[in-house]
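Hi everyone, thanks for making time today. I'd like to walk you through one structure, so have a look at it while I talk.

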Amino acid sequence: MVISKNNVNVRLTEERWLHIAEYHRELMNFQLEILLTIAEPDRVYRSPTGTEPNFAAVKVFDRLADFGLAKNLTV
C-alpha cells in the first residue's frame, strides 16, 4: 500500500497485480516502480472536465530503457 499525491491509500491487490502480469508482461519485474509512480510521481494528469474523474501518475525510470521500454512509466 502507498499513499498517492492526493493523500489516498492505494493498494496493489493480488487481483490487480495478476491483471498487470497477464496483460502487461513487460512490467512483471517492476512492481516497486509501479508503487513508486503512485507514491512519488514526477507528474500527475487529470481527466478533462466533464468526463469521469481519473488520474494518471507518471514517473521516469531510466532503468526501464535497459529492458527496451520507455523511461516514462504511467500508472
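I'll go from the overall layout to the core, then the pocket, and finish with the salt bridges.

One thing up front: this is a predicted model. The protein has two helices and five strands, and if you start at the N terminus, the order of the elements is β-β-α-α-β-β-β. To give you a feel for the dimensions, a box of roughly 35 × 25 × 20 Å along the principal axes holds the C-alpha atoms. The chain has 75 residues, and 27% of them count as buried. As for contacts, if you take those with a separation of 6 or more, 31% are between residues 24 or more positions apart.

Now the core. Which residues make up the largest nonpolar core? There are eight of them: Trp17, Ile20, Leu27, Phe30, Ile34, Phe61, Leu64 and Leu73. Let me pick out tryptophan 17 from that set. Once you set aside its neighbours within four places in sequence, tryptophan 17 still touches Leu12, Leu27, Met28, Gln31 and Ile34. Two of those partners, Leu27 and Ile34, are also listed in the core itself.

Ile34 takes us to helix H2, which spans residues 31-39 and has Glu33, Ile34, Leu35, Thr37 and Ile38 as its buried residues. What covers these buried residues of H2? The cover includes helix H1 (14-23), along with strands S1 (2-3), S2 (9-10), S4 (55-60) and S5 (72-74).

On to the pocket, for those of you who like to dock things. The largest pocket encloses about 460 Å³ of space. It is lined by 23 residues, and the ones closest to its centre are Val10, Ile38, Phe55, Ala57 and Val75. Ile38 is a residue we just met, among the buried ones of H2. Looking at the lining by element, H1, H2, S4 and S5 each give two or more residues. And by class, the lining has 15 nonpolar residues, five polar and three charged.

Last topic: salt bridges. Side chains of opposite charge can pair when their charged atoms come close. How many salt bridges does a search of the whole structure find? It finds four, and I'll show you three, including their surroundings.

Let's begin with glutamate 15 and arginine 16, where the closest N and O atoms are 2.8 Å apart. Glutamate 15 is partly exposed, because its relative accessibility is 46%. Arginine 16, at 38%, is partly exposed as well.

Next is lysine 59 with aspartate 42, with 3.7 Å between the closest N and O atoms. This pair links distant parts of the chain: lysine 59 belongs to strand S4, aspartate 42 is in the loop between H2 and strand S3 (43-46), and they are 17 residues apart. Is lysine 59 buried or exposed? Its relative accessible area is 14%, so lysine 59 counts as buried, the cut-off being under 20%. Aspartate 42, on the other hand, is partly exposed at 46%.

The third one I'd like to show joins lysine 71 to aspartate 62, and here the closest N and O atoms are 3.7 Å apart. Lysine 71 is partly exposed, with a relative accessible area of 41%. Aspartate 62 comes out at 52% and therefore counts as exposed, as the limit is over 50%.

That's my tour, and I'm happy to take questions.

Methods:
Residues numbered from 1 in each chain as written. Predicted model: local features only at pLDDT ≥ 70, side-chain atom pairs only at ≥ 80, totals over all residues. Heavy atoms only, no water. Core = buried A, V, L, I, M, F, W, Y, C linked by side-chain atoms within 4.5 Å. Buried < 20%, exposed > 50% of the residue type's maximum accessible area, 1.4 Å probe, protein only. Contact = heavy atoms within 4.5 Å. Helix = DSSP H or I, 4+ residues; strand = E, 2+ residues; numbered from the N terminus. 1 Å grid on protein atoms, 1.4 Å probe; cavity = no way out; pocket = protein on both sides within 12 Å on 5 of 7 lines; lining within 4 Å. Points joined across faces, edges and corners; volume = space filled by probe spheres on them. Nonpolar A, V, L, I, M, F, W, Y, C, P; charged D, E, K, R; others polar. Salt bridge = Lys/Arg side-chain N within 4 Å of Asp/Glu carboxyl O.
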